[in-house]
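Let's take a walk through this model together, one region at a time. Have the sequence and the 3D view ready as you read.

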Amino acid sequence: TCKKLNENAPRILDYLCEECKTHFENVKNALNELGINYKVDSNIVRGLDYYTKTVFEFVSKIDGLTVLGGGRYDGLAEELGGAKTRYLYLRLITKI
């Protein structure tokens, strides 16, 4: 399976630049201060390579499925020829 193949793969958290390490620690500190439980998953993949810094998923305790996911897209508009802009993307997954 994919999980088995990735067991010995490098972990992205081991390769963060100083700015990203600081940002990540600030996000975790904010979650802790707000009393929000979280789990760091170094294998998270949101499916797109233009996320910057934070990506996230909210996972249902009932069935383990992702119900909300997203992340930051800083720099995406600029890459596409637009102005430098910070973005946050959210996607709510609903059952139909």
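**From the cysteines to the hairpin**

With a relative accessible area of 42%, cysteine 17 is partly exposed. Keep in mind as we go that this is a predicted model. What is the sulfur neighbourhood of cysteine 17? The nearest cysteine sulfur belongs to cysteine 20 and lies 3.4 Å away, and cysteine 17 is in no disulfide. The view from cysteine 20 matches: its nearest cysteine sulfur is that of cysteine 17, at 3.4 Å, and cysteine 20 is in no disulfide either. A disulfide here needs the two sulfur atoms within 2.5 Å, so a separation of 3.4 Å does not qualify. For the structure as a whole, the disulfide count is 0.

Now move to helix α2, which covers residues 18–33. Does its length come out as expected or not, and what is the span? At 1.5 Å a residue, its 16 residues should span 22 Å, and the end C-alpha atoms are indeed 22 Å apart, so the two values agree. Just after α2 you will find glycine 35, which takes a positive phi of about 70 degrees.

Within α2, pause at lysine 28. Is this lysine buried or exposed? Its relative accessible area is 17%, so lysine 28 counts as buried, the cut-off being under 20%. Setting aside neighbours within four places in sequence, lysine 28 is in contact with Tyr38 and Val40.

Next comes the β-hairpin. Strand β1 takes in residues 52–59 and strand β2 residues 66–72, and the two pair in the antiparallel sense over 6 bridges. Between them sit 6 residues, and in that turn glycine 64 has a positive phi of about 75 degrees. To get your bearings across the pair, look for valine 55, which stands opposite glycine 71 in β2.

Let's finish with the aromatic rings. How many aromatic pairs are there? The count comes to 1. The partners are phenylalanine 56 and phenylalanine 58, with ring centres 6.1 Å apart and planes at 80 degrees, an edge-to-face arrangement. Turning to their surroundings, phenylalanine 56 has 18% relative accessibility and therefore counts as buried, while phenylalanine 58, at 46%, counts as partly exposed. As background, side chains in a regular strand alternate between the two faces of the sheet.

Conventions: Residues are numbered from 1 along each chain as its sequence is written. Side-chain values use heavy atoms; hydrogens and water are left out. Helices (H or I, at least four residues) and strands (E, at least two) are DSSP runs, numbered from the N terminus. Buried means under 20% relative accessible area, exposed over 50%, partly exposed in between (1.4 Å probe, protein chains only). Contact means heavy atoms within 4.5 Å. Two strands pair if DSSP finds at least two bridges between them. Rings of Phe, Tyr and Trp (its six-membered ring) pair if their centres lie within 6.5 Å; planes under 30 degrees apart count as stacked, over 60 as edge-to-face and the rest as tilted. The expected span of a helix is 1.5 Å times one less than its number of residues.
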